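Please look over the model below. A short report on one helix, one annotated span and one pocket goes with it.

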Amino acid sequence: MKLLWLQRLSCCGNTHSLLSSEEANLLFEEFEVLFHPSFSTESEEDVIERVLKGGKLDLLVVEGAVKRDDEVIKNLCGISDYVVAVGNCAVYGNIPALSEDSVFGLQYRFKEKGGILGKDFESKKGYPVINLSGCPANPEWIVGTLLRIKWKGKLDLDELGRPKEYYSSLTHWGCSRNEYFEWKVETEKLGSPKGCLFYHYGCRGPMTHSTCNVHLWNGVNSKTRAGTPCFGCTEYDFPRVNLWETKLYAGIPAELPLGVSKRGYIMISGVAKMFAPERLKDED
C-alpha cells in the first residue's frame with residue numbers, strides 16, 4: 001500500500017508525535033512511503049507530479065491546515081482510496097484558521113462541516129476524511145489507524161469522522177484522579193500528584209473525547225497524571241482562552257461534565273464535598 005504524507009500549515013507536531021511511537025517503524029515496514037517531508041530526499045513536487053500522473057493513490061495523510069485554493073491537495077484527495085487528516089489543524093483548521101478566513105481543515109472548519117473538500121466528500125473507498133484530531137494526535141492513534149486501514153481495510157467512525165476506537169470515550173475515563181473528582185477534592189497546586197484539576201484549573205477531561213488516559217503518551221504518562229489539566233485539544237474549539245482556569249457562575253462550573261445536569265451536579269457535588277474522606281484532602 002502506497003502512502004503519501006504531506007504537510008501544510010503546521011508546526012510538525014504530529015510528525016514529532018509519530019516519531020515518539022515505539023511502533024513508528026511499522027509504517028515503513030508495512031507501507032511504501034512515497035514521501036514524507038521529514039524523511040524523504042526526493043522533491044515533494046516531483047513525487048506529487050508522478051502520483052497525479054498515475055491517477056491513483058492508496059493512502060494520503062495530511063498534517064496541518066490547508067488553504068481553500070490548494071488544488072494539489074484537492075486533486076490528490078480525489079484519487080486516493082483513503083484520506084487521513086492528522087492533528088487538529090488538518091481536521092478543523094484550528095490555530096491557523098483563527099486569523100485567516102481562507103484557511104480550513106480538510107472536511108471541517110471548526111465545527112462546520114465542509115472544509116476545502118466539501119461536506120459530501122468521500123474517498124475512493126467510500127469514506128469521509130478520516131479525522132485524527134488532537135494537538136497533536138496521540139502516536140498510538142496515528143499508527144493504529146494507519147495499520148488498521150492496511151490490515152483490515154475498514155474503520156468504525158463517529159459523526160466527526162474520527163475512529164470510535166480512540167474517540168468514543170472521554171479523557172476523564174481512566175484518569176488517575178477520578179476519586180478526587182467524585183469527592184470534589186480540588187488540587188491545591190499544579191503539578192501535585194493529588195487532587196482534581198476540574199473544579200478550578202480548567203481541566204476539560206470530562207468533556208473531551210480521547211483515550212489519553214488509556215493509551216498513555218509514550219506508554220508512560222498523560223497531562224492529568226502529570227498534574228496538568230486536559231486542554232480539550234481533540235475538540236473543534238481548541239484552543240480556548242484561559243486554559244488554566246475553570247469559569248464559574250455562582251460557584252458552579254460554566255461547563256459541566258457531559259451528561260450531567262446542573263441540578264444533579266449541585267445535589268451530588270455538595271454532598272460529596274461534605275463527606276469527602278480526610279485522606280484525600282492531604283496534599284503530602
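The report starts with the helix and ends with the pocket.

This is a predicted model, where local features need pLDDT of at least 70, side-chain atom pairs count only at pLDDT 80 or more, and totals for chains, interfaces and linings use all residues. Residues are numbered from 1 along each chain as its sequence is written, and side-chain values use heavy atoms, without hydrogens and water.

Helix 3 spans residues 44-54 (helices are DSSP runs of H or I, at least four residues; strands are runs of E, at least two; both are numbered from the N terminus). Its buried residues (under 20% relative accessible area, 1.4 Å probe, protein chains only) are Glu44, Val47, Ile48 and Val51. They fall within an arc of 95 degrees seen down the helix axis, so they line one face; the arc is taken from the directions from the axis to the C-beta atoms. On the other side, Glu45, Glu49 and Lys53 are exposed (over 50%). Gly55 follows helix 3, with a positive phi near 75 degrees.

The elements that cover the buried residues include these (contact means heavy atoms within 4.5 Å):

| Element | Residues |
|---|---|
| Strand 1 | 2-7 |
| Strand 2 | 32-35 |
| Strand 3 | 57-63 |
| Helix 4 | 71-78 |

An unreviewed UniProt entry lists residues 11-148 as "domain: NADH:ubiquinone oxidoreductase-like 20kDa subunit". That span is 38% helix and 21% strand. Its end C-alpha atoms lie 26 Å apart.

Now the largest pocket (an open set of points on a 1 Å grid where a 1.4 Å probe fits, with protein on both sides within 12 Å along at least five of seven lines; lining residues have an atom within 4 Å of a point). The lining has 17 residues, with Arg204, Asn242, Glu245, Lys247 and Glu255 nearest the centre.

Notes. UniProt positions are given in the numbering used here, feature names are shortened, and annotations may be inferred rather than shown by experiment.
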